[in-house]
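Biologist: Thanks for sitting down with me over this one. Could you walk me through the fold, starting with the charged pairs?

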Amino acid sequence: MIVGRDALSGRLIGLSVENGKIAALRHIEEDLGGDIPWLAPGLVDLQVNGWGGHDFNGHDINEEKVLAIAVGMRRQCIRAFLPTLITASSDTICNALSVIAAARKKYQWLAKMIPGVHVEGPFISPEDGARGAHPREHVRAPSRTEFDQWQEASGGIVRLVTLCPKQADACSFIHHLRSSGCLVSIGHSSAESTDIAEASQAGAGFSTHLGNGVSQTLPRHPNLIWAQLANDRLQAMFIADGHHLDRVTLTAMLRAKGVQRSILVSDMVALAGMPPGRYRQPVGGDVELSAEGRLSMSGTRLLAGAAKPLSDGVALVAGLEGFSLSDAITMAAINPAKALGLETGLREGAPADFIAFRWSPGEAGLRLCEPALGTELSASQQA
(Lines give C-alpha, C1' and ligand atoms only; values in the text may rest on other atoms or scores of the structure.)
Protein backbone atom coordinates (compact mmCIF):
# COMPACT_ATOMS: atom_id res chain seq x y z
CA MET A 1 0.00 0.00 0.00
CA ILE A 2 1.20 3.49 -0.88
CA VAL A 3 0.49 5.94 1.94
CA GLY A 4 0.38 9.68 1.46
CA ARG A 5 -1.60 12.86 1.93
CA ASP A 6 -4.20 13.61 -0.74
CA ALA A 7 -3.07 16.92 -2.28
CA LEU A 8 -6.67 17.85 -3.10
CA SER A 9 -8.32 17.13 0.26
CA GLY A 10 -5.38 17.11 2.64
CA ARG A 11 -6.53 13.77 4.09
CA LEU A 12 -4.17 10.88 4.79
CA ILE A 13 -4.91 7.97 2.46
CA GLY A 14 -3.54 4.60 1.44
CA LEU A 15 -3.68 3.32 -2.14
CA SER A 16 -3.31 -0.29 -3.26
CA VAL A 17 -2.39 -0.88 -6.89
CA GLU A 18 -3.11 -4.01 -8.90
CA ASN A 19 -2.79 -4.49 -12.67
CA GLY A 20 -2.27 -0.79 -13.28
CA LYS A 21 -5.39 0.30 -11.40
CA ILE A 22 -6.19 1.62 -7.93
CA ALA A 23 -7.56 -1.56 -6.35
CA ALA A 24 -8.38 0.02 -2.98
CA LEU A 25 -8.39 3.44 -1.33
CA ARG A 26 -8.39 3.66 2.44
CA HIS A 27 -8.73 6.78 4.58
CA ILE A 28 -6.26 6.75 7.46
CA GLU A 29 -7.30 8.50 10.66
CA GLU A 30 -4.28 7.91 12.86
CA ASP A 31 -1.26 10.20 12.72
CA LEU A 32 1.59 8.18 11.23
CA GLY A 33 4.20 10.86 11.78
CA GLY A 34 7.35 11.10 9.68
CA ASP A 35 7.80 12.66 6.24
CA ILE A 36 4.57 11.70 4.46
CA PRO A 37 4.54 12.38 0.70
CA TRP A 38 1.72 14.06 -1.19
CA LEU A 39 -0.43 12.00 -3.56
CA ALA A 40 -2.24 13.56 -6.52
CA PRO A 41 -3.66 12.67 -9.93
CA GLY A 42 -1.04 12.75 -12.69
CA LEU A 43 -0.69 16.11 -14.41
CA VAL A 44 -2.19 16.87 -17.84
CA ASP A 45 -0.37 19.31 -20.13
CA LEU A 46 -2.31 20.81 -23.04
CA GLN A 47 0.75 22.43 -24.64
CA VAL A 48 4.01 20.56 -25.24
CA ASN A 49 6.10 21.53 -28.28
CA GLY A 50 9.06 19.32 -27.45
CA TRP A 51 11.54 18.17 -24.83
CA GLY A 52 15.10 16.93 -24.43
CA GLY A 53 16.28 18.16 -27.83
CA HIS A 54 13.29 16.62 -29.65
CA ASP A 55 10.73 18.84 -31.40
CA PHE A 56 7.29 17.86 -32.65
CA ASN A 57 7.69 20.73 -35.13
CA GLY A 58 10.99 19.55 -36.59
CA HIS A 59 11.20 18.38 -40.18
CA ASP A 60 12.92 15.26 -38.85
CA ILE A 61 10.01 14.24 -36.58
CA ASN A 62 9.74 10.45 -36.37
CA GLU A 63 8.40 7.70 -34.13
CA GLU A 64 11.55 7.59 -31.99
CA LYS A 65 11.32 11.29 -31.20
CA VAL A 66 7.63 11.02 -30.31
CA LEU A 67 8.42 8.16 -27.94
CA ALA A 68 11.37 10.01 -26.40
CA ILE A 69 9.23 13.06 -25.63
CA ALA A 70 6.45 10.90 -24.18
CA VAL A 71 8.83 9.01 -21.90
CA GLY A 72 10.29 12.35 -20.77
CA MET A 73 6.82 13.62 -19.96
CA ARG A 74 6.04 10.46 -18.01
CA ARG A 75 9.13 10.96 -15.88
CA GLN A 76 7.93 14.48 -15.11
CA CYS A 77 4.63 13.11 -13.71
CA ILE A 78 2.58 13.90 -16.83
CA ARG A 79 -0.16 11.30 -17.31
CA ALA A 80 -1.43 12.84 -20.56
CA PHE A 81 -0.43 15.68 -22.86
CA LEU A 82 -1.19 17.27 -26.22
CA PRO A 83 1.74 17.48 -28.64
CA THR A 84 1.62 21.02 -29.94
CA LEU A 85 2.29 21.99 -33.55
CA ILE A 86 2.86 25.65 -34.34
CA THR A 87 2.34 27.65 -37.51
CA ALA A 88 3.94 25.95 -40.53
CA SER A 89 3.10 24.87 -44.05
CA SER A 90 0.15 22.55 -44.50
CA ASP A 91 2.48 19.74 -45.62
CA THR A 92 4.65 20.13 -42.49
CA ILE A 93 1.64 20.04 -40.16
CA CYS A 94 0.10 17.05 -41.92
CA ASN A 95 3.40 15.16 -41.82
CA ALA A 96 3.80 15.70 -38.07
CA LEU A 97 0.19 14.68 -37.48
CA SER A 98 0.61 11.48 -39.48
CA VAL A 99 3.80 10.56 -37.59
CA ILE A 100 2.15 11.11 -34.20
CA ALA A 101 -0.95 9.20 -35.29
CA ALA A 102 1.11 6.23 -36.51
CA ALA A 103 3.04 6.07 -33.23
CA ARG A 104 -0.22 6.15 -31.24
CA LYS A 105 -1.59 3.23 -33.25
CA LYS A 106 1.54 1.20 -32.60
CA TYR A 107 1.75 1.71 -28.83
CA GLN A 108 -1.33 1.46 -26.61
CA TRP A 109 0.35 3.30 -23.72
CA LEU A 110 1.20 6.18 -26.07
CA ALA A 111 -2.39 6.48 -27.25
CA LYS A 112 -3.45 6.90 -23.63
CA MET A 113 -0.74 9.48 -22.97
CA ILE A 114 -1.54 11.43 -26.14
CA PRO A 115 -5.34 11.79 -26.32
CA GLY A 116 -4.98 14.30 -29.14
CA VAL A 117 -2.93 17.06 -30.73
CA HIS A 118 -3.00 20.83 -30.22
CA VAL A 119 -2.46 22.84 -33.41
CA GLU A 120 -1.43 26.36 -32.36
CA GLY A 121 -1.85 28.30 -35.57
CA PRO A 122 -1.53 28.88 -38.47
CA PHE A 123 -4.82 30.79 -38.27
CA ILE A 124 -3.43 33.52 -36.00
CA SER A 125 -2.70 37.23 -36.17
CA PRO A 126 0.02 38.17 -38.67
CA GLU A 127 0.96 41.21 -36.59
CA ASP A 128 4.30 41.46 -34.80
CA GLY A 129 3.98 40.82 -31.09
CA ALA A 130 0.71 38.97 -31.34
CA ARG A 131 2.29 36.50 -33.74
CA GLY A 132 5.09 35.77 -31.29
CA ALA A 133 7.77 33.46 -32.70
CA HIS A 134 5.43 31.95 -35.29
CA PRO A 135 6.78 32.41 -38.86
CA ARG A 136 4.95 35.21 -40.67
CA GLU A 137 5.18 33.52 -44.08
CA HIS A 138 2.96 30.64 -42.94
CA VAL A 139 0.22 32.63 -41.17
CA ARG A 140 -3.01 32.31 -43.12
CA ALA A 141 -6.79 32.65 -42.94
CA PRO A 142 -8.91 29.86 -41.42
CA SER A 143 -9.67 27.07 -43.86
CA ARG A 144 -12.23 24.33 -43.30
CA THR A 145 -10.62 22.33 -46.10
CA GLU A 146 -7.21 22.46 -44.43
CA PHE A 147 -8.58 21.47 -41.03
CA ASP A 148 -10.34 18.51 -42.63
CA GLN A 149 -7.02 17.54 -44.25
CA TRP A 150 -5.39 17.58 -40.79
CA GLN A 151 -8.05 15.24 -39.47
CA GLU A 152 -7.71 12.94 -42.45
CA ALA A 153 -3.91 12.81 -42.03
CA SER A 154 -4.19 12.09 -38.30
CA GLY A 155 -7.26 9.91 -38.09
CA GLY A 156 -9.18 12.69 -36.33
CA ILE A 157 -6.84 13.31 -33.37
CA VAL A 158 -6.68 17.11 -33.61
CA ARG A 159 -8.38 17.96 -30.30
CA LEU A 160 -7.52 21.65 -29.85
CA VAL A 161 -6.88 24.52 -32.27
CA THR A 162 -5.59 27.96 -31.27
CA LEU A 163 -6.65 30.81 -33.53
CA CYS A 164 -7.17 34.56 -33.72
CA PRO A 165 -10.90 35.34 -33.84
CA LYS A 166 -10.20 38.55 -35.75
CA GLN A 167 -9.49 36.46 -38.84
CA ALA A 168 -12.13 36.56 -41.55
CA ASP A 169 -14.99 34.08 -41.19
CA ALA A 170 -13.62 33.04 -37.79
CA CYS A 171 -16.99 32.32 -36.17
CA SER A 172 -18.12 30.08 -39.01
CA PHE A 173 -14.80 28.26 -38.79
CA ILE A 174 -15.22 27.83 -35.03
CA HIS A 175 -18.64 26.28 -35.62
CA HIS A 176 -17.01 23.83 -38.06
CA LEU A 177 -14.34 22.82 -35.54
CA ARG A 178 -16.82 22.37 -32.72
CA SER A 179 -19.12 20.27 -34.90
CA SER A 180 -16.18 17.89 -35.40
CA GLY A 181 -15.58 17.65 -31.66
CA CYS A 182 -12.46 19.83 -31.71
CA LEU A 183 -11.90 22.37 -28.92
CA VAL A 184 -11.11 25.98 -29.84
CA SER A 185 -8.83 28.42 -28.05
CA ILE A 186 -8.12 32.12 -28.59
CA GLY A 187 -4.44 32.96 -28.84
CA HIS A 188 -1.72 34.87 -30.70
CA SER A 189 -4.44 37.37 -31.22
CA SER A 190 -5.00 41.03 -32.02
CA ALA A 191 -8.75 40.68 -31.53
CA GLU A 192 -11.08 43.33 -30.19
CA SER A 193 -13.42 42.70 -27.27
CA THR A 194 -16.34 42.20 -29.66
CA ASP A 195 -14.37 39.57 -31.62
CA ILE A 196 -13.70 37.65 -28.41
CA ALA A 197 -17.32 37.80 -27.30
CA GLU A 198 -18.53 36.56 -30.69
CA ALA A 199 -15.92 33.78 -30.78
CA SER A 200 -16.90 32.52 -27.33
CA GLN A 201 -20.56 32.55 -28.31
CA ALA A 202 -19.64 30.57 -31.44
CA GLY A 203 -17.98 27.89 -29.31
CA ALA A 204 -14.43 28.96 -28.44
CA GLY A 205 -13.88 27.77 -24.88
CA PHE A 206 -10.25 28.55 -24.01
CA SER A 207 -7.53 31.19 -24.02
CA THR A 208 -4.03 30.03 -25.00
CA HIS A 209 -1.22 31.19 -22.65
CA LEU A 210 -3.21 34.27 -21.66
CA GLY A 211 -1.02 37.34 -21.21
CA ASN A 212 1.47 36.13 -23.82
CA GLY A 213 1.28 36.14 -27.60
CA VAL A 214 -0.12 39.68 -27.65
CA SER A 215 1.12 43.06 -28.80
CA GLN A 216 3.82 44.70 -26.68
CA THR A 217 1.55 47.76 -26.38
CA LEU A 218 -2.15 47.59 -25.55
CA PRO A 219 -4.72 50.22 -24.55
CA ARG A 220 -5.25 50.28 -20.79
CA HIS A 221 -8.90 49.37 -21.32
CA PRO A 222 -10.65 47.81 -23.01
CA ASN A 223 -8.23 45.24 -24.40
CA LEU A 224 -8.20 41.57 -25.28
CA ILE A 225 -6.69 40.44 -21.96
CA TRP A 226 -9.43 42.06 -19.86
CA ALA A 227 -12.06 40.73 -22.29
CA GLN A 228 -10.85 37.15 -21.88
CA LEU A 229 -10.43 37.38 -18.12
CA ALA A 230 -13.99 38.64 -17.77
CA ASN A 231 -15.55 36.06 -20.11
CA ASP A 232 -16.94 33.14 -18.08
CA ARG A 233 -17.25 30.99 -21.21
CA LEU A 234 -13.46 30.89 -21.53
CA GLN A 235 -11.07 28.78 -19.49
CA ALA A 236 -7.65 30.39 -19.49
CA MET A 237 -4.34 28.58 -19.90
CA PHE A 238 -1.33 30.13 -18.13
CA ILE A 239 2.42 29.49 -18.40
CA ALA A 240 3.51 29.57 -14.76
CA ASP A 241 7.27 29.40 -15.28
CA GLY A 242 8.09 32.70 -13.56
CA HIS A 243 9.27 34.18 -16.87
CA HIS A 244 6.25 34.44 -19.16
CA LEU A 245 4.21 36.07 -16.38
CA ASP A 246 5.66 37.61 -13.24
CA ARG A 247 4.23 36.46 -9.92
CA VAL A 248 2.13 39.60 -9.34
CA THR A 249 0.55 39.50 -12.80
CA LEU A 250 -0.11 35.76 -12.59
CA THR A 251 -1.68 36.16 -9.14
CA ALA A 252 -4.01 38.87 -10.39
CA MET A 253 -5.00 36.90 -13.48
CA LEU A 254 -5.69 33.71 -11.53
CA ARG A 255 -7.80 35.62 -9.03
CA ALA A 256 -9.79 37.20 -11.87
CA LYS A 257 -10.36 33.97 -13.76
CA GLY A 258 -10.79 31.74 -10.70
CA VAL A 259 -9.38 28.31 -9.93
CA GLN A 260 -12.09 26.37 -11.78
CA ARG A 261 -11.55 28.33 -15.02
CA SER A 262 -7.74 28.27 -14.94
CA ILE A 263 -5.41 25.70 -16.51
CA LEU A 264 -1.64 25.53 -16.11
CA VAL A 265 0.47 24.53 -19.13
CA SER A 266 4.21 24.21 -19.64
CA ASP A 267 4.46 25.24 -23.33
CA MET A 268 7.82 23.47 -23.27
CA VAL A 269 9.98 23.56 -26.38
CA ALA A 270 12.72 21.17 -27.50
CA LEU A 271 15.36 22.77 -25.26
CA ALA A 272 13.42 21.91 -22.11
CA GLY A 273 15.39 19.30 -20.20
CA MET A 274 18.67 20.40 -21.79
CA PRO A 275 21.63 21.87 -19.87
CA PRO A 276 22.06 25.68 -19.71
CA GLY A 277 23.95 27.23 -22.60
CA ARG A 278 23.66 28.74 -26.06
CA TYR A 279 21.82 26.88 -28.79
CA ARG A 280 20.67 27.32 -32.36
CA GLN A 281 17.05 26.40 -32.99
CA PRO A 282 14.65 26.74 -35.95
CA VAL A 283 12.33 29.10 -34.05
CA GLY A 284 14.16 32.03 -32.49
CA GLY A 285 17.58 31.37 -34.04
CA ASP A 286 20.43 31.85 -31.56
CA VAL A 287 19.01 31.40 -28.07
CA GLU A 288 20.32 31.12 -24.54
CA LEU A 289 18.98 28.86 -21.80
CA SER A 290 19.80 30.17 -18.33
CA ALA A 291 20.37 28.10 -15.22
CA GLU A 292 17.03 29.51 -13.97
CA GLY A 293 15.19 28.00 -16.94
CA ARG A 294 14.70 31.22 -18.89
CA LEU A 295 14.98 30.66 -22.64
CA SER A 296 15.63 33.90 -24.52
CA MET A 297 17.01 35.12 -27.82
CA SER A 298 20.75 35.61 -27.33
CA GLY A 299 21.70 39.10 -26.18
CA THR A 300 18.08 40.10 -25.45
CA ARG A 301 15.37 39.62 -22.84
CA LEU A 302 12.92 38.39 -25.49
CA LEU A 303 11.58 34.93 -24.66
CA ALA A 304 12.16 32.12 -27.16
CA GLY A 305 9.90 29.55 -25.54
CA ALA A 306 9.40 27.82 -22.21
CA ALA A 307 11.78 25.31 -20.67
CA LYS A 308 10.35 24.43 -17.25
CA PRO A 309 8.19 21.36 -16.53
CA LEU A 310 4.57 21.69 -15.52
CA SER A 311 5.43 20.41 -12.04
CA ASP A 312 7.48 23.59 -11.46
CA GLY A 313 4.40 25.61 -12.38
CA VAL A 314 2.42 23.70 -9.76
CA ALA A 315 4.99 24.61 -7.10
CA LEU A 316 5.01 28.27 -8.17
CA VAL A 317 1.22 28.65 -8.11
CA ALA A 318 0.93 26.77 -4.80
CA GLY A 319 3.19 29.43 -3.31
CA LEU A 320 1.24 32.44 -4.58
CA GLU A 321 -0.67 34.50 -2.05
CA GLY A 322 -4.25 33.26 -1.75
CA PHE A 323 -3.63 29.93 -3.49
CA SER A 324 -2.91 26.43 -2.20
CA LEU A 325 -1.36 23.19 -3.38
CA SER A 326 -4.90 21.89 -3.90
CA ASP A 327 -5.64 24.86 -6.18
CA ALA A 328 -2.48 24.29 -8.20
CA ILE A 329 -3.18 20.56 -8.64
CA THR A 330 -6.73 21.41 -9.70
CA MET A 331 -5.36 23.73 -12.40
CA ALA A 332 -2.69 21.32 -13.64
CA ALA A 333 -4.40 17.93 -13.29
CA ILE A 334 -8.16 18.16 -12.80
CA ASN A 335 -9.23 21.03 -15.07
CA PRO A 336 -7.22 19.97 -18.16
CA ALA A 337 -8.31 16.36 -17.71
CA LYS A 338 -11.95 17.45 -17.64
CA ALA A 339 -11.39 19.55 -20.76
CA LEU A 340 -10.27 16.42 -22.61
CA GLY A 341 -12.93 14.19 -21.12
CA LEU A 342 -10.39 12.16 -19.12
CA GLU A 343 -11.01 10.54 -15.76
CA THR A 344 -10.13 12.73 -12.79
CA GLY A 345 -9.32 12.26 -9.12
CA LEU A 346 -8.19 9.33 -7.00
CA ARG A 347 -10.74 6.55 -6.62
CA GLU A 348 -10.98 2.77 -6.63
CA GLY A 349 -10.97 1.35 -10.13
CA ALA A 350 -9.27 4.37 -11.68
CA PRO A 351 -5.96 4.00 -13.56
CA ALA A 352 -3.00 4.22 -11.18
CA ASP A 353 -1.72 7.35 -12.91
CA PHE A 354 -1.18 9.21 -9.68
CA ILE A 355 1.98 10.99 -8.56
CA ALA A 356 3.82 10.90 -5.25
CA PHE A 357 5.94 13.89 -4.31
CA ARG A 358 7.22 16.04 -1.50
CA TRP A 359 6.83 19.80 -1.41
CA SER A 360 6.85 22.54 1.20
CA PRO A 361 5.92 26.22 0.79
CA GLY A 362 8.83 28.14 -0.69
CA GLU A 363 10.23 25.26 -2.73
CA ALA A 364 10.59 25.99 -6.45
CA GLY A 365 9.62 22.51 -7.60
CA LEU A 366 8.02 19.25 -6.61
CA ARG A 367 10.42 16.60 -5.28
CA LEU A 368 9.11 13.57 -7.09
CA CYS A 369 9.20 10.19 -5.43
CA GLU A 370 10.26 7.12 -7.38
CA PRO A 371 8.42 6.00 -9.33
CA ALA A 372 7.11 9.44 -10.29
CA LEU A 373 3.75 7.92 -11.21
CA GLY A 374 1.82 5.14 -9.58
CA THR A 375 2.74 2.94 -12.51
CA GLU A 376 5.87 3.03 -14.65
CA LEU A 377 6.27 2.24 -18.30
CA SER A 378 7.73 -1.19 -18.77
CA ALA A 379 10.97 -1.56 -20.67
CA SER A 380 9.07 -2.94 -23.65
CA GLN A 381 6.78 0.10 -23.67
CA GLN A 382 9.72 2.48 -23.68
CA ALA A 383 11.45 0.65 -26.50
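Biologist: Glad to have this in front of us. Is Lys106 buried or exposed?
Modeller: Keep in mind that this is a predicted model. Exposed means over 50% relative accessible area. Lys106 has a relative accessible area of 54%, so Lys106 counts as exposed.

Biologist: Which residue does Lys106 form a salt bridge with?
Modeller: The closest N and O atoms of the pair are 3.4 Å apart. Lys106 lies in helix H2 and its partner in helix H1, so the contact ties together parts that are 43 residues apart in sequence. The partner of Lys106 is Glu63.

Biologist: Nice. How many salt bridges does the structure hold?
Modeller: Lys106 with Glu63 is one pair, and Glu146 with Arg140 is another, with the closest N and O atoms 2.6 Å apart. The structure's salt bridges number twelve.

Biologist: Is Glu146 buried or exposed?
Modeller: Its partner Arg140 is partly exposed, with a relative accessible area of 22%. Buried means under 20%. Glu146 has a relative accessible area of 7%, so Glu146 is buried.

Biologist: What about Asp232: which residue does its side chain meet in a salt bridge?
Modeller: The N to O distance in this pair is 3.7 Å. Asp232 sits in the loop between helix H7 (224–230) and strand S13 (235–239), while the partner sits in the loop between helix H8 (247–257) and S14, 29 residues apart. Asp232 is exposed at 53% relative accessibility, and the partner is partly exposed at 32%. That partner is Arg261.

Biologist: On to the sheet, then. Which are the edge strands?
Modeller: Eight strands form an open sheet with parallel pairing, in the order S5-S8-S9-S10-S11-S12-S13-S14. An edge strand pairs on one side only. The edge strands are S5 (43–48) and S14 (262–265).

Biologist: And which residue is the bridge partner of Thr84 in S9?
Modeller: Strand S8 (residues 78–86) and strand S9 (residues 117–120) run parallel and are joined by three bridges. In S9, the partner of Thr84 is His118.

Biologist: What angle does the direction of helix H4 make with that of S10?
Modeller: Helix H4 (residues 144–154) packs on the sheet, where it touches S9 and strand S10 (158–163). For another helix on this sheet, H1 (residues 63–75) lies across S5 and S8 and runs at about 135° to S8. The angle between H4 and S10 is about 150°.

Biologist: Let's turn to the interior. Which helix gives the largest share of the largest nonpolar core?
Modeller: That core has 93 residues, and Leu43, Phe81, Trp150 and Val317 touch the most other members. A second, separate core has 15 residues, including Leu46, Leu183, Ile239 and Ile263. The largest share of the 93-residue core is eight residues, and they come from helix H2 (residues 90–106).

Biologist: How many of the nine residues of helix H9 are buried?
Modeller: Helix H9 (residues 310–318) is mostly covered. Its buried residues, among them Leu310, Gly313 and Val317, pack against S5, S8, H8, S14 and helix H10 (325–339). The number buried is eight.

Biologist: One last thing: which residues does Val317 touch, leaving out those up to four places away in sequence?
Modeller: Val317 is one of the buried residues of H9. Val317 is also among the four that touch the most other members of the largest core. Its contacts are Ala240, Leu250, Leu254, Leu264, Phe323, Ala328 and Met331.

Conventions
Residues numbered from 1 in each chain as written. Predicted model: local features only at pLDDT ≥ 70, side-chain atom pairs only at ≥ 80, totals over all residues. Heavy atoms only, no water. Pairing = 2+ DSSP bridges. Helix = DSSP H or I, 4+ residues; strand = E, 2+ residues; numbered from the N terminus. Contact = heavy atoms within 4.5 Å. Axes fitted to C-alpha atoms, helices over the stretch in contact; angles between N-to-C directions. Core = buried A, V, L, I, M, F, W, Y, C linked by side-chain atoms within 4.5 Å. Buried < 20%, exposed > 50% of the residue type's maximum accessible area, 1.4 Å probe, protein only. Salt bridge = Lys/Arg side-chain N within 4 Å of Asp/Glu carboxyl O.
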